[in-house]
Amino acid sequence: MDEIASLLTNTWSRTISSSYPPQKIEFTGTLLIQLLFFWLPSFIYLFLDVLFPSFSARHKIQPAPRQPTRKDIWRCVLVVSGNQVLTTGLHALQLFLAAKVGREGSYRVEAALPSREEFVRDFILCLLLREAMFYYSHRLLHRPIFYSKIHKLHHRFTAPIALAAQYAHPIEHIFANALPISLPPQILGSHVLTFWVFLAYELFNTATVHSGYDFFAGKARMHDLHHEKFNLNYGSIGVLDWVHGTDRLVHKKRD
Ligand SMILES: [Zn+2]
Ligand SMILES: [Zn+2]
């Protein structure tokens with residue numbers, strides 16, 4: 001364990017002392033995290049029934065007739081790729097503009113690692129801030145005016161797949177998916193490594209809860225039910241659903 005820690009520390013300080021500007025390190029690392037913790041697990045989940053058929057059958061939440069067609073999956077790949085290009089482009093623009101006013105980046109890119117206390121504090125605060133931003137923006141998206149124009153697209157998958165986590169209108173992708181993850185560590189002035197760990201956790205989590213499999217203590221079942229029934233489980237952790245009573249099925253209206 002100590003060897004892994006010192007290897008990581010050395011690799012990180014070598015990266016920082018290299019000639020790469022901090023903006024380039026932040027941009028490349030963020031893109032790499034998205035590829036490794038969203039795209040890769042999403043494709044593994046997608047091919048789980050081919051790779052491990054009996055394991056897949058045991059954990060699949062909804063029955064085969066409700067699963068998306070091949071055409072639905074291709075459309076999903078296209079929309080999600082578009083959203084990836086959009087947020088990557090916006091991140092590049094943000095770094096470009098920051099450099100223009102003499103700022104080094106959106107997060108602290110420095111050789112010293114964050115202390116354990118700082119890391120734990122920032123990670124927990126990021127989780128809570130993200131939950132609040134996601135829960136309330138998601139509830140707003142279920143208001144009829146926003147639902148029909150924006151959020152209906154995400155609900156096209158009543159039996160979701162991992163990639164469908166980012167199958168969303170560009171406005172929803174920016175305000176409900178990207179900003180609730182990228183803003184909290186910027187507000188807190190977090191170290192870029194803390195942001196990357198938080199981003200990796202959230203991306204893997206969202207891919208898993210949309211995967212259609214019942215892994216991780218019923219987390220996927222919770223959000224799967226949101227896609228199936230619409231008016232419950234708006235949040236991710238579940239605490240605000242408990243506070244607002246949206247952790248139970250409401251039969252009368254779609255809100
Ligand atoms: Zn929804
Ligand atoms: Zn969803």
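Me: Which residues of helix H10 are buried?
Reply: Happy to help! In this predicted model, H10 runs over residues 219–229, and its buried residues are Ala220, His223, Asp224, His226 and His227. They span an arc of only 150 degrees around the axis, so they sit on the same side of H10.

Me: What do the buried residues of H10 pack against?
Reply: Their partner is helix H9, residues 192–209. Look also at what follows H10: Phe230, with a positive phi near 75 degrees.

Me: How should I read the packing of H2 and H5? At what angle do they pack?
Reply: Angles over 145 degrees count as roughly antiparallel. Helix H2 (residues 22–46) and helix H5 (residues 70–100) pack at about 165 degrees, with axes 10 Å apart. H2 is therefore roughly antiparallel to H5, and their crossing is right-handed. H2 contributes Gln23, Glu26, Phe27, Thr30, Leu31 and Gln34 to the contact, while H5 brings Gln84, Thr88, His91, Ala92, Leu95 and Ala99. Sorted by kind, these residues are five nonpolar, six polar and one charged.

Me: Now for H6 and H8: at what angle do they cross?
Reply: The axes of helix H6 (residues 116–141) and helix H8 (residues 170–188) cross at roughly 155 degrees and come within 9 Å. That angle makes H6 roughly antiparallel to H8. Their crossing is right-handed.

Me: Which residues of H6 and H8 meet?
Reply: On the H6 side, they include Leu125, Leu129, Met133 and Phe134. On the H8 side, Phe175, Leu179, Ile181 and Pro184 are among them. The contact of H6 with H8 divides into 14 nonpolar, two polar and three charged residues.

Notes:
Residues numbered from 1 in each chain as written. Chains lettered and ligands numbered in written order. Predicted model: local features only at pLDDT ≥ 70, side-chain atom pairs only at ≥ 80, totals over all residues. Buried ≥ 20, exposed ≤ 12 C-beta atoms within 10 Å, placed from the backbone. Helix = DSSP H or I, 4+ residues; strand = E, 2+ residues; numbered from the N terminus. Arc of directions from axis to C-beta. Contact = placed C-beta atoms within 7 Å. Axes fitted to C-alpha atoms, helices over the stretch in contact; angles between N-to-C directions. Parallel < 35°, antiparallel > 145°, perpendicular 65-115°, else oblique. Left-handed = near helix turned anticlockwise from the far one by under 90°. Nonpolar A, V, L, I, M, F, W, Y, C, P; charged D, E, K, R; others polar.
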